[in-house]
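Subject: Handover of a structure and the findings from it

Dear colleague,

Please find the structure below, handed over for your own work. My findings follow it, arranged by topic.

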Amino acid sequence: MNQLDEELCKCLNRELVVFKFFEEYELNDMPCYFSFRKIPEGETIWREGDVCEYMIFILSGHVEIKKETEFKGSQITLGIYGAGSIAGELCMLDQMPRAVTATAIDDVTLVLLSRDNFDKLLQEHTALGMKLLKGMLLSTSTRLRKSFDRLVTIF
């Protein structure tokens, strides 16, 4: 395993709650499926309606998630995700176009998992893929519960 792979394993284990179900040694098989990417402040990561090619795991910085409203050109902020969060997982599962726009609020460091590598991971390491799916479900359900809490404050 090279130095970048070792650093990625440490980041996955230390920074991302989605990998909480993994034993440290299991992460050794993971780096070949992931890549790093740095996004400068203000850059759009993806736009609502884009084809879903990858999901992201945020190591540092903040990503704003926005949704178009019924009024042309108007968007509402659904959330701001920081270090430890994932985004883009829904379209990875349902294979629909992006439901939201994601923009870097400040400089962001990401780990990317492409659709092809996600499928390959599920095939080649089914048990690890299932642990990843379990972590994704935990992260998504936590976000949904927080959305419920915010929604009731509106009414």
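A pocket, as the term is used here, is an open set of points on a 1 Å grid over the protein atoms alone, with protein on both sides within 12 Å along at least five of seven lines. Please bear in mind throughout that this is a predicted model.

The largest pocket

By that criterion, the largest pocket holds about 710 Å³ of space. Its lining is made up of 25 residues, and those closest to the pocket centre are Leu78, Tyr81, Val100, Arg143 and Ser147. At least two lining residues come from each of strand E5 (75-81), H2 and H4. Helix H4 gives the largest share of the lining, with 8 residues.

The nonpolar cores

In general, nonpolar side chains tend to be buried together in soluble globular proteins. In this model, the largest nonpolar core comprises 22 residues. Val18, Phe19, Met30, Phe34, Phe57, Leu113 and Leu132 have the most contacts inside that core. Five elements each supply at least two of the core residues: strand E3 (54-60), helix H2 (89-94), strand E8 (108-114), helix H3 (115-124) and helix H4 (126-154). A second core, separate from the one just described, has 16 residues, among them Trp46, Val63, Ile65 and Ala102.

Two pairs of residues bring separate stretches of the chain into view. Val111 belongs to strand E8 and is buried, because its relative accessibility is 0%, against a cut-off of under 20%. The C-alpha atoms of Val111 and Phe57 are separated by 5.0 Å, although the two residues stand 54 apart along the chain. Phe21 sits in the loop between H1 and E1 and is partly exposed, with a relative accessible area of 25%. Between Phe21 and Leu128 the C-alpha distance is 9.2 Å, with 107 residues separating them in sequence.

Salt bridges

How many salt bridges does the structure hold? There are 5, and three of them are described here.

Lys131 pairs with Glu26, and their closest N and O atoms are 2.8 Å apart. This pair links distant parts of the chain: Lys131 is in helix H4, whereas Glu26 is in the loop between helix H1 (3-15) and strand E1 (34-39), and the two positions lie 105 residues apart in numbering. Are the partners buried or partly exposed? Lys131 counts as partly exposed, because its relative accessibility is 23%. Glu26, in contrast, is buried, because its relative accessible area is 12%.

Arg37 and Glu43 meet through their side chains in another salt bridge, at 3.6 Å from N to O. Arg37 is partly exposed, with a relative accessible area of 31%, and Glu43 is partly exposed, with a value of 31%. Glu43 lies in the loop between E1 and strand E2 (44-46). From Glu43 to Leu59 the distance is 16 Å, C-alpha to C-alpha, and the two are 16 residues apart in sequence.

A further salt bridge joins Lys66 to Glu64, with the closest N and O atoms 4.0 Å apart. Lys66 is buried, because its relative accessible area of 17% falls under the 20% cut-off.

The surface and the backbone

Leu151, Ile154 and Phe155 make a nonpolar surface patch of about 400 Å². Phe155 is found in the segment after H4. Phe155 is exposed, because its relative accessible area is 78%, and the cut-off for that class is over 50%.

One backbone angle also deserves mention. Most residues other than glycine have a negative phi. In Gln95, a residue other than glycine, phi is positive, with a value near 60 degrees. Gln95 is located in the loop between H2 and strand E7 (101-104), and Gln95 counts as exposed, because its relative accessibility is 57%.

In closing, helix H4 recurs in several of these findings: it supplies residues to the largest core, gives the largest share of the lining of the largest pocket, and carries Lys131 of the salt bridge with Glu26.

With kind regards

Definitions and conventions. Residues numbered from 1 in each chain as written. Predicted model: local features only at pLDDT ≥ 70, side-chain atom pairs only at ≥ 80, totals over all residues. Heavy atoms only, no water. Core = buried A, V, L, I, M, F, W, Y, C linked by side-chain atoms within 4.5 Å. Buried < 20%, exposed > 50% of the residue type's maximum accessible area, 1.4 Å probe, protein only. Helix = DSSP H or I, 4+ residues; strand = E, 2+ residues; numbered from the N terminus. Patch = residues over 30% accessible without salt bridge, like charges linked within 9 Å, V, L, I, M, F, W, Y side chains within 5 Å. Areas by Shrake-Rupley, 256 points an atom, 1.4 Å probe, with all protein chains shown as cover. 1 Å grid on protein atoms, 1.4 Å probe; cavity = no way out; pocket = protein on both sides within 12 Å on 5 of 7 lines; lining within 4 Å. Points joined across faces, edges and corners; volume = space filled by probe spheres on them.
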